[in-house]
Amino acid sequence: MIRGSGDQAASGPRTGSQPRDQQRARLYDAEEGVDAGRVFVSLDDTQAFVDSITTSAFWERIPNAPRVIRVRDGRGRRHACAADAWFGAELRLPRWSRNQLIVLHELAHTITPSHCASHGPEFAGAYLHLVRRFLSEEHYDALHESFRRADVQVSPQ
């Protein structure tokens, strides 16, 4: 479950010109039936997964992707989120949210341009791309099909 993630994308503060987040509920609903992948026992394990992504050649080819993303405890938060921080970007993850699918969801926020809807087609495309590359083809197929059934619009990546 990824309810309420992405309070603010790490790619920059949201502005008044940002499109309305019209497919947020549909996207969250589509995620419900998809296997979340590996569950991380600790923040260190979660950070290691994030570091394996952000130090990859794949990530380095993404324009404006933050090079440093810190994983923080989401204690006191009901939802996971990606946010700007003084050093670059951070993911705030309550204990229940520390799994591969949610981490990739939050990382997709960090690479979605700030002028795009938080869960719009550009985000959905980036998210699927990350799932395919860093989780599995099977997870990608399941999430893509679930997006299709839920009428989640996806921009090609």
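**Figure 1. Helix 4 against helix 5, a right-handed crossing.** In this predicted model, helix 4 and helix 5 cross in the right-handed sense. Their axes sit 8 Å apart and the packing angle is about 130 degrees. Helix 4 and helix 5 are therefore oblique to each other. On the helix 4 side, the contact is made by Gln100, Leu101, Leu104, His105, Leu107, Ala108, His109 and Ile111. Helix 5 answers with Phe123, Ala126, Tyr127, Leu130, Val131 and Phe134. Sort the contact of helix 4 with helix 5 by class and you get 11 nonpolar residues, 3 polar ones and no charged ones.

**Figure 2. Helix 4 on its own, with its buried residues.** Have a look at how enclosed this helix is: 12 of the 12 residues of helix 4 are buried, so the rest of the structure largely encloses it. The buried list runs Gln100, Leu101, Ile102, Val103, Leu104, His105, Glu106, Leu107, Ala108, His109, Thr110 and Ile111. Notice that Glu106 is on that list, along with His105 and His109. As for length, the 12 residues of helix 4 should span 16 Å at 1.5 Å a residue, and the end C-alpha atoms are 17 Å apart, which agrees.

**Figure 3. Zooming in on Val103 of helix 4.** Val103 is a buried residue, with a relative accessible area of 0%. What does Val103 touch once neighbours within four places in sequence are left aside? Its contacts are Phe40, Thr46, Phe49, Val50, Leu91 and Leu93. Thr46, Phe49 and Val50 also turn up among the helix 2 residues that meet helix 4. Ala82 is another residue to find in this view: Val103 and Ala82 are 21 residues apart in sequence, and their C-alpha atoms are 9.3 Å apart in space.

**Figure 4. Helix 2 passing helix 4.** The axes of these two helices, helix 2 and helix 4, come within 11 Å and cross at roughly 50 degrees. That angle makes helix 2 oblique to helix 4. The crossing of helix 2 with helix 4 is right-handed. Thr46, Phe49, Val50 and Ile53 of helix 2 make the contact with Gln100, Val103, Leu104 and Leu107 of helix 4. By class, the contact of helix 2 with helix 4 comes out as 6 nonpolar residues, 2 polar and no charged. Gln100, Leu104 and Leu107 of helix 4 are worth picking out here, since they show up in the contact with helix 5 as well.

**Figure 5. Helix 5 and what covers it.** Helix 5 covers residues 121–134, 14 residues in total, and reaches 20 Å from first C-alpha to last, close to the 20 Å expected at 1.5 Å a residue. Which residues of helix 5 are buried? They are Phe123, Ala124, Gly125, Ala126, Tyr127, Leu128, Leu130, Val131 and Phe134. The cover over these buried residues includes helix 1 (24–31), helix 2 (43–54), helix 3 (57–60), helix 4 (100–111) and helix 6 (137–149).

**Figure 6. Helix 5 packed on helix 6.** This pair, helix 5 and helix 6, packs at an angle of about 155 degrees, with the axes 7 Å apart. That makes helix 5 roughly antiparallel to helix 6. From helix 5 come Ala124, Tyr127, Leu128, Val131 and Arg132. They meet Glu137, His139, Tyr140, Leu143, His144 and Phe147 in helix 6. By class, the contact of helix 5 with helix 6 has 7 nonpolar, 2 polar and 2 charged residues. Tyr127 and Val131 are also part of the contact with helix 4.

**Figure 7. Asn64 and Asp151, each with a positive phi.** Asn64 isn't a glycine, yet its phi is positive, near 60 degrees. Find Asn64 in the loop between helix 3 and strand 1 (69–73). Is Asn64 buried or exposed? At 76% relative accessibility, Asn64 counts as exposed. Asp151 also has a positive phi near 60 degrees, and it is found in the segment after helix 6. With a relative accessibility of 45%, Asp151 counts as partly exposed.

**Figure 8. Stepping back to the whole protein.** Altogether there are 6 helices and 3 strands. Read along the sequence, their pattern is α-α-α-β-β-β-α-α-α. Of the 157 residues in the protein, 50% are buried. Among contacts with a separation of 6 or more, 64% join residues 24 or more positions apart.

How values were computed. Residues are numbered from 1 along each chain as its sequence is written. This is a predicted model: local features need pLDDT of at least 70, side-chain atom pairs count only at pLDDT 80 or more; totals for chains, interfaces and linings use all residues. Side-chain values use heavy atoms; hydrogens and water are left out. Helices (H or I, at least four residues) and strands (E, at least two) are DSSP runs, numbered from the N terminus. The expected span of a helix is 1.5 Å times one less than its number of residues. Buried means under 20% relative accessible area, exposed over 50%, partly exposed in between (1.4 Å probe, protein chains only). Contact means heavy atoms within 4.5 Å. Axes are lines fitted to C-alpha atoms, for helices over the stretch in contact, and angles run from 0 to 180 degrees between N-to-C directions. Angles under 35 degrees count as roughly parallel, over 145 as roughly antiparallel, 65 to 115 as roughly perpendicular and the rest as oblique. A crossing is left-handed if the near helix is turned anticlockwise from the far one by less than a right angle, and right-handed if clockwise. Ala, Val, Leu, Ile, Met, Phe, Trp, Tyr, Cys and Pro count as nonpolar, Asp, Glu, Lys and Arg as charged, and the others, Gly among them, as polar.
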